[in-house]
Amino acid sequence: MRYISTRGAAPALDFEGVLLAGLARDGGLYVPESWPAIADKLKGWRGLPYQAVAFEMLAPFVGDSLSPATLAELIDGAYGSFDHAAVCPLVQVGPNDFLLELFHGPTLAFKDVAMQLLGRLFNTVLTRRGEQVTVLGATSGDTGSAAIEALRGLPAVQVVMLHPKGRVSEVQRRQMTTVLDDNIHNIAIEGTFDDCQALVKALFNRLEFRDKARLSAVNSINWARIVAQTVYYVTSALSLGAPDRAVSFSVPTGNFGDIYAGYVARQMGLPVERLVVATNRNDILARALNAGDYSTGTVQPTISPSMDIQVSSNFERLLFDLYGRDGAVTAKAMAGFQESGRLALGANVLDQARALFAAVSVNEEMTRETMAMMLRATGLVVDPHSAVGLAGAAGARGDRSVPMVTLATAHPAKFPAAVEAATGIAPGLPPRMADLYERDERYAVLANDADALQAHMTAIIG
Ligand SMILES: *Cc1c(COP(=O)(O)O)cnc(C)c1O
């Protein structure tokens, strides 16, 4: 399999190339040259374990970059760390409504599904090449802990993770700072999340240091993360009768990575009736799909903070297809967007998008009401992100004979304050994490200063 850039001006790469490159050199995102077809294979995959479906889905994308035995071993390792035998189990919550639980990984959010595999892929490829990298990142919560859990103890990778001091929840901080492996370095910065991101950018721009420290990233535009996320769309649809029956999905959406994976599964031949983009009040995607207005504003804080963003990086991958896979047209549109902060989508593009996607923006009140209503109706306590997805499903239900699957992207114990305020129930951590508040923590505290950060990193990683 070869991968091309959405902006049409970077060299095509194989799987190993896109895994290590992240962003393409022309500023675009890598996508596969063509979609592997699965429609004829789906019936044969019914009843297979999650890991076996993952192997079938990943193999055509990985191509010759890994042997089949190595790929199978990495998949088994990644999903062996989950605390449910089904890996991503499906729960019924209404007559034809289901919740797909994606939070059974080590850090209780769906990012583990992709990160657990990405870490192992990274380590395998780097070890084979005899290379070492330093993953430098900034986090406001979920991404940092998922990356740390996925990369802990890997000999080819050092991890330096910045978080804003005192501005992440205690659960989120402890999930990072209680990981004591030698290759994990947490730093609390005296500043905001934006300050942390600016520091990361500043160090990536110091080219001499960047090369010496071999700086790298495992960000959400990495193609390997997308392909790992296609798997649970397939396993859940198979459970509900695909390919004989189509299924719809509602997806709490921020960066458009998770829902784009659903689109990929459908392009490959999974019968998907509708994909509901469920956003919180940071609604750039809902405005884009409902009014053709893709334009940024300022980020508004919400009780579903992992979706508090104003630019959805992976949306460019969908736009590339809607523009007829024309890299020059996509590059021009994105250049205009970067300059003015807005992009108007034409009638042709919108019609194509709306044939599959619906979009709903869910406010804070509705999110809280949905959590309370779920508890009353089913006895289930859901987290605020999943509640946004459930409200989106209710708002864009369509044909009731088509099963609607809402993606539950986080465990309620990850956001205990918001959950308790809405439901009156303080969600407990799963047993394997029950001692999180007693574990030893290790982290450094630094001023918001790029020179201090560089000196600190030079001291710890040489
Ligand atoms: C990251 C995240 C999302 C949003 O996923 P995208 O791929 O960015 O759309 C939703 N819910 C939770 C809990 C997350 O951590």
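Below is a working chat about a predicted model, covering its ligand site, two sheet regions and some single residues.

Q: What kind of model is this, predicted or experimental?
A: The model is predicted.

Q: Ligand first. How many residues surround it, and which are closest?
A: The ligand is surrounded by 15 residues. The closest are Lys111, Asp142, Gly254, Asn255 and Thr409.

Q: What's the make-up of that shell by class?
A: Seven residues of the shell are polar, five are nonpolar and three are charged.

Q: How far is the side chain of Lys111 from a ligand oxygen?
A: An N or O atom in the Lys111 side chain is 2.5 Å from an oxygen atom of the ligand.

Q: And which ligand atom does Thr409 face, and at what distance?
A: A polar atom in the side chain of Thr409 lies 2.8 Å from a nitrogen atom of the ligand.

Q: What about Phe256, backbone or side chain?
A: Backbone: an N or O atom there lies 3.2 Å from an oxygen atom of the ligand.

Q: How much of the ligand's accessible area does the protein cover?
A: On its own the ligand has 380 Å² of accessible area, and the protein covers 95% of that.

Q: Switching to strand 10. Where is it, and how many of its residues are buried?
A: Strand 10 spans residues 272–279, and six of its eight residues are buried. The strand is mostly covered.

Q: How does strand 9 pair with it, parallel or antiparallel?
A: Parallel, over five bridges; strand 9 is residues 247–252. Val247 stands opposite Val272 in strand 10.

Q: What links up with those two strands as a β-α-β unit, and what's the handedness?
A: Helix 11, residues 257–268, makes the unit with strand 9 and strand 10, and the unit is right-handed.

Q: How many bridges join strand 10 to strand 13?
A: Five, and the two strands run parallel. Strand 13 covers residues 357–361. In this pair, Val276 stands opposite Ala358.

Q: Back up along the chain a bit. Which peptide bond is cis around Pro243?
A: The bond from Ala242 to Pro243, with omega near 5 degrees. Pro243 sits in the loop between helix 10 (223–239) and strand 9.

Q: Now the five-strand sheet. What's the order?
A: The order is 8-5-6-7-15, in an open sheet with parallel pairing.

Q: Why is one side of strand 8 and of strand 15 left without a neighbour?
A: Strand 8 and strand 15 (444–447) stand at the edges and each has a single partner strand, so one side of each has no neighbour in the sheet.

Q: Over how many bridges does strand 5 pair with strand 8?
A: Two, in the parallel sense, with strand 5 at residues 133–138. Val135 stands opposite Ser216 in strand 8.

Q: Which loop holds Arg214?
A: The loop between helix 9 (207–213) and strand 8 (215–216). Phi of Arg214 is near 50 degrees, a positive value in a residue other than glycine.

Q: Is that residue buried, partly exposed or exposed, and why?
A: Arg214 is partly exposed because its relative accessible area is 46%, and that class runs from 20% to 50%.

Q: What is phi of Leu108?
A: Phi of Leu108 is near 70 degrees, which is positive in a residue other than glycine. Leu108 is in the loop between strand 4 (97–101) and helix 5 (111–129). With a relative accessible area of 0%, Leu108 is buried.

Q: Staying with helix 5: what does the side chain of Gln116 contact?
A: The Gln116 side chain makes a polar contact with the side chain of Ser81, at 3.4 Å. Gln116 is in helix 5. At a relative accessible area of 3%, Gln116 is buried.

Q: Last stop, the early part of the chain. Where is Phe15, and is it buried or exposed?
A: Phe15 is in helix 1, residues 15–21. Phe15 is buried, at a relative accessible area of 2%.

Q: How far apart are Tyr30 and Val18?
A: Twelve residues in sequence and 6.9 Å in space, C-alpha to C-alpha. Tyr30 belongs to strand 2 (residues 30–32) and counts as buried at 3% relative accessibility.

Notes: Residues are numbered from 1 along each chain as its sequence is written. This is a predicted model: local features need pLDDT of at least 70, side-chain atom pairs count only at pLDDT 80 or more; totals for chains, interfaces and linings use all residues. Side-chain values use heavy atoms; hydrogens and water are left out. Buried means under 20% relative accessible area, exposed over 50%, partly exposed in between (1.4 Å probe, protein chains only). Helices (H or I, at least four residues) and strands (E, at least two) are DSSP runs, numbered from the N terminus. Two strands pair if DSSP finds at least two bridges between them. A crossover is right-handed if, with the strands pointing away from the viewer, the path from the first strand over the helix to the second runs clockwise. A residue is near a molecule or strand if one of its heavy atoms lies within 4 Å of it. A polar contact is a pair of N or O atoms within 3.5 Å; within protein, one must be able to donate a hydrogen and the other to accept it, and residues adjacent in sequence count only if both atoms are side-chain atoms. Accessible areas come from the Shrake-Rupley method with a 1.4 Å probe; for residues, only the protein chains shown count as cover. Ala, Val, Leu, Ile, Met, Phe, Trp, Tyr, Cys and Pro count as nonpolar, Asp, Glu, Lys and Arg as charged, and the others, Gly among them, as polar.
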